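Colleague: I would like to go through some of the terms used for this model and hear what each one rests on. Please put it on the screen first.

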Amino acid sequence: MKYIYNMKGRVNHIKMLTMASVTLCLMASCSNDDEDEDLGNWIDQSVFDGSPRSGSAYFTIGNIGYSGVGYDGDDYLTSFWSYDMDGDYWSQKADFPGSARNAAVGFTINDKGYIGSGYDGLDELADFYSYDPTTNAWTEIATFPSTPRRSAVAFGINGYGYFGTGFDGDNDRKDFWKYDPTTDSWHELVGFGGDKRRAAITFTIGDYVYMGTGVSNGIYLDDFWAFDSATESWTQKLDLDEEDDYSIVRSNAVGFTLNDYGYIATGTYGGTLQSIWEYDPSTDTWESKTDFERTSRQDAVVFSNNAKAFIGLGRTGSLYLDDLEQFFPYDEYDDED
Amino acid sequence: MKRILVAYVFIAVATGFLFLRFTDYSFSTTKSKIPLQSEIFPVGDGYGYQIDLEDRVLIKQEYIPILEGKRPFSTTEDAERTANKVISKLLKKESPILTISELKELQIPEFNLY
């Protein structure tokens with residue numbers, strides 16, 4: 001009996017082993033399949049997928065772009081990064097010394113960068129800081145003397161900084177101010193005839209700075225302005241909906257300059273936009289360019305020095321270090337790259 | 001009957017164990033397939049690091065992040081620990097932003113003051 005039992009047991013054991021090996025073979029093949037799928041996914045996805053960082057401030061000095069502060073969905077940030085346009089790499093620089101914030105402005109005056117104003121999650125802000133790339137150090141400058149605000153515009157030209165429009169927590173603004181770094185002082189600049197707004201853009205072509213887009217009380221603005229830096233006067237240009245096929249109006253876009261043409265890219269109008277429009281200052285006309293290839297997103301950052309332009313999708317710094325894309329307006333569209 | 005049960009239990013455990021092993025194996029293989037690497041290089045009287053993604057430089061850090069001024073890491077080990085931290089964050093799909101508390105945790109001596 002014992003022998004028979006053992007025989008049965010042995011038969012069962014063999015059955016079990018067979019089942020086990022079949023199971024293991026199946027598992028091994030399953031596992032290999034999983035592995036292949038994972039690899040494929042990694043290749044398809046951006047390596048740096050994660051929560052978006054938005055509302056970062058940015059400026060360009062020479063061939064280096066700088067971007068910092070912003071909001072990552074959980075926290076307001078103080079980290080500050082540089083992007084080398086020639087070497088195509090990032091570095092984490094000295095932290096922004098002010099409170100963590102987003103919707104701040106960034107601009108360049110004479111090889112120094114400036115970041116100021118913005119929103120810390122509770123209040124609009126009026127403090128400004130300058131960054132010296134030769135020393136990698138920040139210095140607080142004179143606080144903006146008027147109402148603190150966020151989502152304003154700012155630009156540097158002829159050795160001065162200019163800062164205006166934005167949202168003060170209750171109202172949108174249309175005042176413009178001038179910052180003089182030699183005296184570290186602010187003065188109001190009169191003469192802007194446009195409407196109040198927030199989240200507008202500017203770009204600079206030669207001695208002129210062009211300003212447009214933005215939103216106020218849910219209305220997207222269609223007026224477009226040129227600022228003559230020599231006379232500090234504003235001139236109204238043709239509206240952004242002058243032609244029937246224009247779809248330029250938007251907010252939270254980016255503005256930049258490349259080869260003496262101006263560009264308005266990304267942003268939001270109802271939904272987020274991928275479109276890019278090119279401005280020809282000699283004819284005061286706009287032309288649509290190939291849409292931005294990456295996912296549409298508002299509050300992008302752009303680095304441009306008139307010779308090169310890189311747009312990143314509102315996730316700066318680093319997060320998505322492979323997220324920046326160089327814009328070649330005259331190359332034919334190639335969906336392979 | 002007892003033996004059959006024991007055999008079943010054994011196979012269940014073995015299968016479970018192998019399943020975990022295979023999962024873990026494929027997981028770690030996937031991770032290592034993201035071709036991120038660090039390189040340490042000398043800068044002035046100290047060291048910097050760079051993080052490479054395949055044949056492209058992603059981050060080049062000649063100076064200690066966060067700190068004002070241009071101070072390289074004092075030792076190759078400091079630079080290497082920091083570079084490895086950045087890579088581990090990128091592999092976890094986190095932002096490679098380093099914070100003061102992380103650099104203190106990495107025992108970078110320049111952050112002992114904070």
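**Terms and their grounds**

Modeller: A pair to start from: A:Phe224 has A:Lys237 in S18(A) as its bridge partner. The model is predicted.

Colleague: What makes S17(A) and S18(A) a pair of strands?

Modeller: Two strands pair if DSSP finds at least two bridges between them. Strand S17, residues 224-228 of chain A, is joined to S18(A) by 5 bridges. The condition is met, therefore they are paired, and the two run antiparallel.

Colleague: Which other strands belong to the sheet, and in what order?

Modeller: The sheet is open and has 4 strands, ordered S13-S14-S17-S18 in chain A, with antiparallel pairing.

Colleague: Why are S13 and S18 of chain A said to stand at the edges?

Modeller: S13 (201-205) and S18 (233-237) of chain A each have a single partner strand, so one side of each has no neighbour in the sheet. From one strand to the next, the twist averages 25°.

Colleague: How do you know that S13(A) pairs with S14(A)?

Modeller: By the count again: 5 bridges in the antiparallel sense link S13(A) to S14, residues 208-212 of chain A. In one of them, A:Thr204 has A:Val209 in S14(A) as its partner. The two strands form a hairpin with 2 residues between them, where A:Gly206 takes a positive phi near 60°.

Colleague: What is there to say about S20(A) and its surroundings?

Modeller: Strand S20 of chain A, residues 261-265, has 4 of its 5 residues buried, so the rest of the structure largely encloses it.

Colleague: Which strands does S20(A) pair with?

Modeller: S19 of chain A, residues 254-258, is joined to S20(A) by 5 bridges and runs antiparallel to it; there A:Thr257 stands opposite A:Gly262. S23 of chain A, residues 276-280, pairs with S20(A) over 4 bridges, also in the antiparallel sense, and A:Ala265 stands opposite A:Ile276 in S23(A). The threshold is at least two bridges, so both count as pairs.

Colleague: How many residues separate S19(A) and S20(A) in their hairpin?

Modeller: The hairpin has 2 residues between its strands, and A:Asn259 in the turn has a positive phi of about 50°.

Colleague: Why remark on the phi of an asparagine?

Modeller: Because most residues other than glycine have a negative phi. A:Asn158 has a positive value near 55°, and A:Asn252 a positive phi of about 55°.

Colleague: Where do A:Asn158 and A:Asn252 lie, and is each buried or exposed?

Modeller: A:Asn158 is in the loop between S9 (153-157) and S10 (160-164) of chain A. It has 11 other C-beta atoms within 10 Å; exposed requires 12 or fewer, so A:Asn158 is exposed. A:Asn252 is in the loop between S18 and S19 of chain A. Its count is 26 within 10 Å, and buried requires 20 or more, so A:Asn252 is buried.

Colleague: Why is B:Ile51 called buried?

Modeller: B:Ile51, in strand S2 of chain B, has 22 C-beta neighbours inside 10 Å, against a cut-off of 20 or more, so it is buried. The residues it touches include B:Leu36, B:Leu58, B:Ala83 and B:Val86. B:Ala83 is 32 residues from B:Ile51 in sequence, yet their C-alpha atoms are 7.0 Å apart.

Colleague: How do you know that the span of H2(B) agrees with what is expected of its length?

Modeller: The expected span is 1.5 Å times one less than the number of residues. For the 16 residues of H2(B) that gives 22 Å, and the end C-alpha atoms are 22 Å apart, which agrees.

Colleague: Which residues of H2(B) are buried, and why are they said to line one face?

Modeller: They are B:Asp78, B:Ala79, B:Thr82, B:Ala83, B:Val86, B:Ile87 and B:Leu90. Seen down the axis of H2(B), the buried residues fall within an arc of 165°, so they line one face of the helix. They pack against S1 (36-43), S2 (46-53) and S3 (56-61) of chain B. Just after the helix, B:Lys93 takes a positive phi of about 65°.

How values were computed:
Residues are numbered from 1 along each chain as its sequence is written. Chains are lettered from A and ligands numbered from 1 in the order in which they are written. This is a predicted model: local features need pLDDT of at least 70, side-chain atom pairs count only at pLDDT 80 or more; totals for chains, interfaces and linings use all residues. Axes are lines fitted to C-alpha atoms, for helices over the stretch in contact, and angles run from 0 to 180 degrees between N-to-C directions. The arc is that of the directions from the helix axis to the C-beta atoms. Two residues are in contact if their C-beta atoms, placed from the backbone, lie within 7 Å. Lists of a residue's contacts leave out its neighbours within four places in sequence.
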